[in-house]
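Thanks for making the time this morning. I would like to walk through a few side chains with you, going slowly enough that we can look at each one on the screen as we go.

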Amino acid sequence: MLRTPAVLLAVVLAGPSYALAQDAEIQRELIRRDQQTDAFSLELRQSQERSRVAPGDWRRRGEVEANQLRERQRLEGLNRRQLLDAAGATAPELRPYERIKAEQERRTLFAPAEPAPTDARREEIDRVRGPQPPTQTNAPY
C-alpha cells in the first residue's frame with residue numbers, strides 16, 4: 001500500500017521535467033529544420049552563381065568555388081554552435097526567442113552584400129571623389 005503513493009509521487013514529479021526536456025528537444029529539432037532549409041537555399045543560390053560563370057573562365061570559376069566553400073564552412077560552423085547553444089539550459093519561456101535569434105544569425109551571415117562596382121561605376125566614383133593619394137605599403141626594404 002505504501003508503494004502506490006510513492007510511484008504516484010514519482011510520476012507526478014517526473015512529468016514536468018519530461019515535458020521540459022521534450023520541449024527543449026522540439027526546439028532543437030525546429031532549429032535543425034531551419035538550418036537544413038537555409039543550407040538548401042545556400043546550395044541553390046551557389047549553383048545559380050556557378051551557372052553564370054562562363055564555361056571557359058577557369059580563374060573566375062575557381063574564385064567562385066573558393067568563396068562558396070568558405071560560405072558553406074561558415075554556415076556549418078554556425079549551425080554546430082547554434083545546436084550546442086540550444087542544448088544548454090535555457091528557460092522554457094525563452095526557447096522561442098532562441099530560435100528567432102538563431103534564424104537572424106543565419107540571415108545576417110549571408111545577407112546580400114553591395115555588389116562590387118563595375119569598371120564604369122568605378123570610373124564614375126573616382127571622377128566624383130577626385131584623385132586619391134597612393135596608398136603606402138608596409139613592406140620591408
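Let me begin with Q27, which sits in helix α1, the helix that covers residues 3-51. Please keep in mind throughout that what we are looking at is a predicted model. Is Q27 buried or exposed? Its relative accessible area is 10%, and Q27 therefore counts as buried, since the cut-off for that class is under 20%. If we leave aside residues up to four places away in sequence, the residues that Q27 touches are R95, P96 and R99.

Staying in helix α1, I turn to Q46, which is also found there. Q46 is buried, and its relative accessible area comes to 2%. With residues up to four places away in sequence again left out, Q46 touches Q68, E71 and R72. With R72, the side chain of Q46 makes a polar contact of 2.9 Å.

E71, one of the residues that Q46 touches, brings me to the salt bridges, of which the model has 12 by the rule used here. The side chain of E71 meets that of R45 in a salt bridge, with an N to O distance of 3.1 Å. What does this pair tie together? E71 lies in helix α2, residues 58-87, while R45 lies in helix α1, so the pair links parts that are 26 residues apart in sequence. E71 is buried, at a relative accessible area of 17%, whereas R45, at 28% relative accessibility, is partly exposed.

R45 also has a salt bridge with E49, where the side chains meet at 2.6 Å, N to O. Here the two partners are four residues apart in helix α1, which means that about one helical turn separates R45 from E49. E49 counts as partly exposed, with 23% relative accessibility.

A pair with such a spacing can be found in helix α2, where R59 and E63 join their side chains in a salt bridge of 2.6 Å, N to O. R59 and E63 are four residues apart in that helix, so that about one helical turn lies between them. How accessible is R59? Its relative accessible area is 59%, and R59 is exposed, while its partner E63, at 33% relative accessibility, counts as partly exposed.

Beyond these pairs, there is also a network of salt bridges, and the residues linked in it are D38, E103, R106 and R107.

Finally, let me move from charged side chains to the surface. Which residues make the nonpolar surface patch of about 330 Å²? The patch is made by L94, Y97 and I100. I100 belongs to helix α3, which runs over residues 95-109. With a relative accessible area of 44%, I100 is partly exposed, and a patch residue needs over 30%.

To go back over the part I would most like us to discuss, R45 meets E49 in one salt bridge and E71 in another, and Q46, which is buried, touches E71 as well. I am happy to rotate the view to any of these side chains while we talk.

Technical notes: Residues numbered from 1 in each chain as written. Predicted model: local features only at pLDDT ≥ 70, side-chain atom pairs only at ≥ 80, totals over all residues. Heavy atoms only, no water. Patch = residues over 30% accessible without salt bridge, like charges linked within 9 Å, V, L, I, M, F, W, Y side chains within 5 Å. Areas by Shrake-Rupley, 256 points an atom, 1.4 Å probe, with all protein chains shown as cover. Salt bridge = Lys/Arg side-chain N within 4 Å of Asp/Glu carboxyl O. Helix = DSSP H or I, 4+ residues; strand = E, 2+ residues; numbered from the N terminus. Buried < 20%, exposed > 50% of the residue type's maximum accessible area, 1.4 Å probe, protein only. Contact = heavy atoms within 4.5 Å. Polar contact = N/O pair within 3.5 Å; in protein donor to acceptor, adjacent residues only side chain to side chain.
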